Amino acid sequence: MLEGLPEATEPASSSVNAEGRKGDEEEQMRQVNKMDKFGWGVTALVGITAGLNGLYAIRINHPFWHNSPVFGFLIVLHWSVCLDERSSLWSFRFTFLLAYLGVSVLPVFTVPYWHDAHDRFGSEVLIFDIVSCFINAIAFIAFYHTFMVARRALQKQYGRKTIDASVKIALQVAVSLPYISFLVVNMIGSGSSLMEEAKTYASHTPFCKYTPDELSNYNNEYQCEVFGDEMWERGDPLGAHTLLGISTLPVFTSPTTFLNLTESIKAVETFGDPTTTNTTVLLTHKDFVRIFAQHNYQAAVQDYLTYLIQGIVFDAVLFVAQIYSRVTRASFDDVLSFNITKLETFIVLNTFAMVMVSMYISSLNGKSLSQQFYPITYFIQLLIPTLFVAIYILCKKVVNDKSQIVLHRPRRASAVSVHRVLPSSSAPAATSHVEELQSELTDLKSTVHDQSTKMEDMQRMLVSLQAKVKSTVHDQSTKMEEMQRMLMSLQAKVDDLTAPSP
């Protein structure tokens, strides 16, 4: 009768673990689906931003690059939510494509001023723009592959816990949104101020003529004479005049007479020299307005370029910091003690150089910035691609298990590895980290002990229940046997009583 009862000596823990793993898988898949939906939302936001970029470029008749830091931030944010191998990459690919269109194609080929430049200067400008878009396309493809290799490196680092790491990285990236918004808002304000001051300068400068039927850059109703470069006539005359030095030079000798452009350029050599300036001349109203507009223009250009480059550098550093800290697992002590490879050293120095350049720009005045803008731009354009190449090589080595120093560093999520690698005289921060891991391990052991105790109690209850069942069944069997004997005795007596007498 007891053959159907389970044995209490060995609990079915394997089935419990299988159900637990199944529950974890389902929970992770729910998180992955949520992240995929969020990724498509980011893609839609990038598409809207790209469309607004093109429309605003048409409205101001000039390529609009204010949102470049926004595109970079959204790409990093989208990458952070699709790190798990089960995540769909189609939305991320569309994000890259829309960002490329918003940065390289729509702001250029939709601007009426650019169309006019193609008509005025022939195929050279068109070929230049097409080549520029092609080069930018190659750069975007290279950046995309770098993001993909970094994704595989993080998957190798975190394994089944990649989805948890993805959530943490996404949160760390998302908290940077207020700073990016601050940069973009200030860039838009500086750009608007720049356009207004350029119009004010042109309307009070004798080298500019009023042409309402032929709008120039920024929809400026003036075309300005610029010595030696016809391209500047409908481009940025104030910037060209600043480089020539005539934007701060009084050119009006009376309210109706003024120096011509050639005389103004020659006067720049002696203007401002104390030995040749013996008299004080009152500025005319037009000179006062144009010089004041030039001063405001320089301040607006400085702010605009500072915010633009700082935004681009911030996006690059935001991505590199996540890779450097999570893939290489290098701590601050490793960097200070040079316990890093040459490639990691190059990444640190490159990042430091970009930060220094963005700080250096904010210290330049308008004229110095105009003179050094192109060298600084070329330097930034050199630093960012080389930085991403270094990140690509580093992640590729980690994926292929060729980065030995990374393999020897402790995994941040493993307390055992930290105990094995860190010496007893490690830094206080590392000691605090080990203590936190020890505390988590102690809590885990306590939880496991409680579960084991409960299992033992259940086993004892099951054994006791089996004993009670056996005892009850045995008692019932004994009673049944006694009743059978009594019944047989009674049957014998009845037989004796009913038997016929001889």
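Between which two helices is the loop that holds Ser247 found? In this predicted model, Ser247 sits in the loop that runs between helix H8 (237-244) and helix H9 (261-267), and the surroundings of that residue are a useful place to begin before turning to the chain as a whole. Ser247 counts as buried because its relative accessible area is 1%, where the cut-off for burial is under 20%. Leaving aside neighbours within four places in sequence, Ser247 is in contact with Tyr201, Leu238, His241, Thr242, Arg290, Ile291 and Gln294. The C-alpha atoms of Ser247 and Phe292 are 9.7 Å apart in space, although 45 residues separate the two in sequence.

One of the contacts of Ser247 is Tyr201, a residue of helix H7. Tyr201 is buried, with a relative accessible area of 0%, and, again without its neighbours within four places in sequence, Tyr201 is in contact with Leu238, His241, Ile246, Ser247, Arg290, Ala293 and Gln294. Among these, Leu238 is 37 residues from Tyr201 along the sequence, yet the two lie 7.2 Å apart from C-alpha to C-alpha.

At the chain level, the secondary structure comes to 16 helices and two strands, and 38% of the 502 residues count as buried. Of the contacts with a separation of 6 or more, 74% are made by residues 24 or more positions apart.

How far can the coordinates be trusted along the chain? The mean pLDDT is 77, and 75% of the residues reach 70 or more. Confidence is highest in helix H2 (residues 68-81), at a mean of 91, and lowest in helix H15 (residues 415-421), at 36. Over residues 1-10 pLDDT stays under 50, and the model has nine contacts beyond four places in sequence for that stretch; over residues 413-429 pLDDT likewise stays under 50, with 16 such contacts in the model. Where pLDDT is low, the predicted coordinates should not be read in detail.

Helix H2, where confidence is highest, has 14 residues and spans 21 Å from its first C-alpha to its last, close to the 20 Å expected at 1.5 Å a residue. Because 13 of its 14 residues are buried, H2 is largely enclosed by the rest of the structure.

The largest nonpolar core has 78 residues, and those with the most contacts inside it are Trp79, Phe92, Phe147, Phe319, Ile323 and Ile347. Helix H10 (residues 285-326) gives the most to this core, contributing 16 residues. Phe319, one of the residues with the most contacts inside the core, touches Val76, Trp79, Thr146, Phe147, Ala150, Phe388 and Ile391 when residues up to four places away in sequence are not counted. A second, separate core has seven residues, including Ile246, Leu249, Phe252 and Ala267; Ile246 is also among the contacts of Tyr201.

H10 also packs against H6, at an angle of about 145° and with the two axes 11 Å apart, and the crossing is right-handed. On the H6 side the residues that meet the partner helix are Lys168, Ile169, Gln172 and Val173, whereas H10 presents Leu318, Gln322 and Arg326. An α-helix has 3.6 residues a turn, so residues three or four places apart point the same way.

Beyond H6 (162-174), the loop that leads to helix H7 (177-203) holds Ser176. Is Ser176 buried or exposed? Ser176 is buried, because its relative accessible area is 10% and thus under the 20% cut-off. Apart from neighbours within four places in sequence, Ser176 is in contact with Phe73, Phe314 and Leu318, and Leu318 is also one of the H10 residues that meet H6.

The loop between H10 and helix H11 (332-336) holds Ala330, which is buried with a relative accessible area of 8%. Ala330 and Ile340 are ten residues apart along the chain, and their C-alpha atoms are separated by 7.4 Å. Thr345, in helix H12 (residues 342-362), is partly exposed, with a relative accessible area of 23%. The C-alpha atoms of Thr345 and Val335, likewise ten residues apart along the chain, are separated by 8.0 Å.

Terms used. Residues are numbered from 1 along each chain as its sequence is written. This is a predicted model: local features need pLDDT of at least 70, side-chain atom pairs count only at pLDDT 80 or more; totals for chains, interfaces and linings use all residues. Side-chain values use heavy atoms; hydrogens and water are left out. Helices (H or I, at least four residues) and strands (E, at least two) are DSSP runs, numbered from the N terminus. Buried means under 20% relative accessible area, exposed over 50%, partly exposed in between (1.4 Å probe, protein chains only). Contact means heavy atoms within 4.5 Å. pLDDT is the predictor's confidence in each residue, from 0 to 100. The expected span of a helix is 1.5 Å times one less than its number of residues. A nonpolar core is a set of buried Ala, Val, Leu, Ile, Met, Phe, Trp, Tyr and Cys residues joined through side-chain atoms within 4.5 Å. Axes are lines fitted to C-alpha atoms, for helices over the stretch in contact, and angles run from 0 to 180 degrees between N-to-C directions. A crossing is left-handed if the near helix is turned anticlockwise from the far one by less than a right angle, and right-handed if clockwise.
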